[in-house]
Amino acid sequence: MTQKPLVSIVTPSYNQGEFLEATIRSVLEQDYPSIEYLVVDGGSTDKSVEIIRRYENRIHWWVSEKDAGQSDAINKGLRRARGEIIGWLNSDDVYESGAIASAVEVFLNHPQAGLVYGDARSIDARGKQFNLMRARQYDLVDLLSFEIICQPASFMKRSVLEQVNYLDPSYHLLMDHLLWILMAQKAPILYTPQIWASARYHAQAKNRTRGAAYGREARVLVEDLSTRQPFTGIINGASRRIWAGVNRFDAFYLTDAGEYSQALKAYTRAFGLHPPSAVKDWKHFLLALVSWLGLPGIRRWYEKWRANRFSGG
């Protein structure tokens, strides 16, 4: 890897004009000197193309055309990317100042790594922080158990990305998580305790509108990998922990989607399979429980308290 490797950033977008400019500016205002920026718009009908044109003299390549879904759009950009290091930033997320330079430094210090990742803020539609998503150093079983890497806070080595053949378009929600798993099997992944991005949660975000679908796709993903070598032996050897992780993950998104009864059932299954996996998420379990009991005021108080904790209010 060269001392100032080219970093390619890909932004997929579709009718996200409300947030797209903040995303673009968070890339263009980075202090790293060697960035290639690619924007893949899916034929937006809002003001997205107008916003892209406003910055097109600083965007190395962009297109606005119908695609076959998010994975297809992202792959268009990933396959065009020339950088030794690649990131993908969705059109409602933003990078923190200095994120790209920090990620490059980690790669230069650990040239064997195929993927590096950090922490991320959770922000609302107005950009107000309401949570901090801290990761840790994960291994392959952790990822198979649905310990989650925040996608905008991750950067990939292109050579390893090419080995796993980019995103699998048959996955619509967990294509990033599958990609991390496949890359982790090819090369070391490395966590660094730095905040690299802010992930935006809003009314149209997938985690709010398609909660139950996450758990279904998680089950498909594990069943799919269980038929592939070398994952068959790994999954069989840690089956209870992995399936507990699937149920815990399912319960998390069911809670966010307001399906509290189903969330509690999923948490119960997780606890029965592997209690340590289930109790990691005890705060979300309590949110599901108090909401199911008809005490939404407690949940609203908790969410307000959490938001104020980060805003200083």
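## Notes on the predicted model

The protein chain folds into 15 helices and nine strands. Please keep in mind while reading that this is a predicted model. Here are the points I would pick out, starting with the chain as a whole and then moving to single elements and residues.

1. **Overall dimensions.** The radius of gyration is 19 Å, which agrees with the value near 20 Å for a compact globule of 313 residues. Measured out along the principal axes, the C-alpha trace covers about 55 × 45 × 35 Å.

2. **Burial and contacts.** Of the 313 residues in the protein chain, 54% are buried. Among contacts between residues at least 6 apart in sequence, 76% link residues at least 24 apart.

3. **Surface and charge.** About 14000 Å² of the protein chain is exposed, and carbon and sulfur atoms contribute 51% of that area. The side chains include 38 positive and 33 negative ones, with the centres of the two sets 5 Å apart.

4. **Strand β2.** This strand is a good place to begin a closer look, as seven of its seven residues are buried. In a regular strand, side chains alternate between the two faces of the sheet. In β2 both faces are covered: one carries Ile-35, Tyr-37, Val-39 and Asp-41, the other Glu-36, Leu-38 and Val-40, and all of these are buried. Two acidic residues, Asp-41 and Glu-36, are thus on the buried list, on opposite sides.

5. **The β1–β2 pairing.** Strands β1 and β2 run parallel and are joined by seven bridges. Within this pair, Val-7 sits opposite Ile-35 of β2.

6. **Leu-6, just ahead of β1.** Leu-6 belongs to the segment before β1. Leaving out residues up to four places away in sequence, Leu-6 touches Ser-34, Ile-35 and Glu-36, and also Arg-82, Gly-83, Glu-84 and Ile-85. Val-104 is 98 residues from Leu-6 along the chain, yet their C-alpha atoms are separated by 9.4 Å.

7. **His-60.** Which residues does His-60 touch, apart from those up to four places away in sequence? They are Ile-35, Glu-36 and Tyr-37. His-60 lies in the loop between α2 (48-54) and β3 (61-64). With a relative accessible area of 49%, His-60 counts as partly exposed, because that class ends at 50%. Its C-alpha atom is 9.9 Å from that of Ala-81, 21 residues away along the chain.

8. **Helix α3 and its cover.** In α3 (residues 70-80), the buried residues are Ser-71, Ala-73, Ile-74, Asn-75, Gly-77 and Leu-78. Their cover includes the strands β1 (7-13), β2 (35-41), β4 (85-88) and β8 (154-157), together with the helices α6 (158-163) and α7.

9. **Ala-184 in α7.** Helix α7 spans residues 175-186 and contains Ala-184. Is Ala-184 buried or exposed? Its relative accessible area is 19%, so Ala-184 is buried, given a cut-off of under 20%. Beyond its neighbours within four places in sequence, Ala-184 is in contact with Leu-140, Leu-143 and Ile-189. Leu-132, 52 residues away in sequence, lies 24 Å from Ala-184, C-alpha to C-alpha.

10. **Ser-145 and Phe-146.** Ser-145 is placed in the loop between α5 (140-144) and β8, and so is Phe-146. Ser-145 is buried at a relative accessible area of 2%, and Phe-146 is buried at 1%. Setting aside neighbours within four places in sequence, Ser-145 is in contact with Arg-241, Ile-242, Gly-245, Val-246 and Arg-248. The backbone at Phe-146 deserves a look too: phi is positive, about 65°, although this residue is not a glycine.

11. **Tyr-166.** A positive phi turns up at Tyr-166 as well, near 65°, again in a residue other than glycine. Tyr-166 is in the loop between α6 and α7 and is buried, with a relative accessible area of 10%.

12. **A cis peptide bond.** Finally, the bond from Gln-229 to Pro-230 is cis, with omega near 5°. Pro-230 is located in the loop between α9 (211-225) and α10 (231-237).

Terms used: Residues are numbered from 1 along each chain as its sequence is written. This is a predicted model: local features need pLDDT of at least 70, side-chain atom pairs count only at pLDDT 80 or more; totals for chains, interfaces and linings use all residues. Side-chain values use heavy atoms; hydrogens and water are left out. Helices (H or I, at least four residues) and strands (E, at least two) are DSSP runs, numbered from the N terminus. The radius of gyration is taken over C-alpha atoms; the globule rule is 2.2 Å times the number of residues to the power 0.38. Buried means under 20% relative accessible area, exposed over 50%, partly exposed in between (1.4 Å probe, protein chains only). Contact means heavy atoms within 4.5 Å. Accessible areas come from the Shrake-Rupley method with a 1.4 Å probe; for residues, only the protein chains shown count as cover. Lys and Arg count as positive and Asp and Glu as negative; His and the chain ends are not counted. The place of a charge is taken as NZ of Lys, CZ of Arg, CG of Asp or CD of Glu. Two strands pair if DSSP finds at least two bridges between them.
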